[in-house]
Amino acid sequence: MKQTAQLRLVPHPEREAPEAALSDLLKAPGGPRIGTPDRSTAPRPGRTPLGQILLEMGAVSPGDLLKALALRNRQDVRLGDILLTHDWVTEADLMAALARQWNAAVVDLLAQRPDPRMIDALGPELCLREAMVPWRRIGGTTIIATARPEHFARLRDSLPAEFGPYKMVLAPERDVHQSLLARRQTALIRRAEAKVAPDQSCRTRNEQTAGRIAFGLIAATALGLWMAPIVVFALLFAWVMVTLVATIGLKFLAWLTEMRAQSRLRRAPPAPATAALRLPIVSIMVPLFKERDIAGRLIGRLGRLNYPRELLDILLVVEEDDHTTRDALAGARLPRWMRVVTVPDGPIKTKPRALNYALNFCRGSVIGVYDAEDMPEPEQLHIMVRHFADAGPEVACLQGILDYYNPRTNWLARCFTIEYAAWFRAMLPGIARMGLVVPLGGTTLFFRREALEELGGWDAHNVTEDAELGMRLA
């Protein structure tokens with residue numbers, strides 16, 4: 001399937017700073033910014049800028065550093081992440097430069113594992129979200145290993161006072177994740193299975209009662225067909241006709257509502273041009289299952305997205321016992337903005353459970369979901385970010401429009417194409433404009449992370465996860 005969008009963005013012309021401006025960019029704490037600056041990432045006054053340290057080490061070329069600084073000044077992303085994403089610096093050199101900048105030691109979390117009791121005290125989900133892990137408690141001081149030293153001051157103030165004081169050491173983010181999984185993987189997957197409140201989850205339903213009701217209805221229908229078949233057939237036929245007419249009526253009202261809204265939009269004056277956006281980090285989860293030849297095609301399709309690579313965080317979500325997909329991905333060289341998240345085995349195995357688990361590893365403030373066969377349009381993420389910016393904070397979710405990219409293959413493909421066009425271009429928008437519950441699709445969904453986490457994510461025990469999530473959003 002291919003996702004499309006009705007709006008097109010006019011890209012803003014990019015301006016490159018001249019070579020002579022490199023020294024000015026290095027000296028500036030945060031550099032020139034578009035929109036609201038993220039002052040938490042700026043070095044303290046008097047602290048040597050990271051770029052200058054890397055230059056002095058010979059770890060980065062001046063040209064690459066200049067490009068990275070220009071990108072950093074337009075985006076909410078760390079300079080080190082930009083350099084790593086574009087392979088302009090090695091991880092070892094970056095950690096050495098950060099250690100020199102922040103006067104902190106670098107620890108090997110894989111060789112010297114953190115204390116699991118301290119992880120439990122702070123919570124593994126908090127550790128993953130902040131890319132840190134409590135490493136040791138030495139002489140009454142808790143040593144925190146972090147991949148984001150610029151956030152340590154804020155983090156320290158939010159940690160429990162009874163475990164203070166806190167001291168910082170450095171570690172790569174991948175090592176932080178692996179050390180946490182080695183100690184508390186089971187706790188994370190159990191939490192993923194029960195994130196939704198019990199009164200809103202299928203895990204608390206009474207299966208025996210539901211089974212008795214279903215058996216009773218089947219028995220009553222069979223008895224009625226034996227004793228009064230004409231009456232029972234008449235009742236069943238009447239029920240089918242009522243639901244059919246109601247469904248057709250709802251679709252007609254939704255279509256009419258959307259057509260009227262589109263007519264008003266065409267007559268409305270063009271919206272004034274808005275300022276350039278500070279693009280956020282977008283995390284996209286791609287659940288995979290039993291995919292033999294997926295790596296090359298998937299990288300090619302997602303690689304068509306023209307969203308900045310340093311702001312793109314794609315997670316390939318694979319079940320632990322799905323050796324077919326894991327073997328296919330093991331032989332592939334994934335770009336740095338794409339990584340594999342392996343979901344531990346457990347008593348249930350559902351897509352929402354896997355998404356809840358992978359959500360812990362997402363870096364972005366916007367969370368998306370794609371299917372393995374999706375072929376998104378290159379501009380889709382830019383359009384989505386603009387929609388969120390224009391819609392306001394009350395909009396928690398955006399549903400993309402799905403089309404088939406082979407509509408002329410045969411008659412069946414044409415039928416599916418027509419059905420998808422009617423559903424995603426008329427029915428769903430009309431239902432949303434009518435203020436009714438929107439049954440979300442299973443792919444091309446984008447959420448504000450705060451809203452998604454406030455809902456508790458997906459119900460791991462419900463296989464109609466996105467329609468159910470649409471209900472809880474409403």
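This report describes a predicted model, taking in turn a sheet, the nonpolar core, one helix, one methionine and the cysteines.

## The six-stranded sheet

Strands 7, 6, 5, 8, 11 and 9 form, in the order 7-6-5-8-11-9, an open sheet whose pairing is mixed. Its edges are strand 7 (338-343) and strand 9 (397-399), each of which pairs on one side only. On average, and with direction ignored, neighbouring strands of this sheet are turned by 20 degrees against each other. In general terms, strands of a sheet pair through backbone hydrogen bonds, in either a parallel or an antiparallel manner.

Within this sheet, strand 5 (residues 282-288) and strand 6 (residues 312-319) run parallel and are joined by seven bridges; Met 285, for instance, has Leu 315 in strand 6 as its bridge partner. Helix 13 (residues 323-330) lies across strand 5, strand 6 and strand 7, and runs at about 140 degrees to strand 6.

## The largest nonpolar core

In soluble globular proteins, nonpolar side chains tend to be buried together. Here the largest nonpolar core has 109 residues, and those with the most contacts inside it are Ile 284, Met 285, Val 286, Leu 288, Ile 314, Leu 381 and Met 384.

When residues up to four places away in sequence are not counted, Ile 314 touches Ile 284, Val 286, Leu 302, Trp 337, Met 338 and Arg 339.

## Helix 18

Helix 18 (residues 465-473) has among its buried residues Glu 465, Asp 466, Glu 468, Leu 469, Gly 470 and Arg 472. The buried residues of this helix pack against helix 14 (351-359), strand 11 (445-448) and helix 17 (449-455), and strand 11 also belongs to the sheet described above.

## The surroundings of Met 168

Met 168 has its place in strand 4 (residues 166-170). With a relative accessible area of 12%, Met 168 counts as buried, because that value is under 20%. Leaving aside neighbours within four places in sequence, Met 168 is in contact with Trp 102, Ala 104, Ile 144, Thr 146, Pro 149 and Phe 152. As for Pro 134, this residue and Met 168 are 34 residues apart in sequence and 9.5 Å apart in space, C-alpha to C-alpha.

## Cysteines

The structure holds zero disulfides. Cys 397 has a relative accessible area of 16% and is therefore buried, the cut-off being under 20%. Cys 415, by contrast, is partly exposed, because its relative accessible area of 30% lies between the limits of 20% and 50%.

Technical notes
Residues numbered from 1 in each chain as written. Predicted model: local features only at pLDDT ≥ 70, side-chain atom pairs only at ≥ 80, totals over all residues. Heavy atoms only, no water. Helix = DSSP H or I, 4+ residues; strand = E, 2+ residues; numbered from the N terminus. Buried < 20%, exposed > 50% of the residue type's maximum accessible area, 1.4 Å probe, protein only. Contact = heavy atoms within 4.5 Å. Core = buried A, V, L, I, M, F, W, Y, C linked by side-chain atoms within 4.5 Å. Disulfide = S-S within 2.5 Å. Pairing = 2+ DSSP bridges. Axes fitted to C-alpha atoms, helices over the stretch in contact; angles between N-to-C directions.
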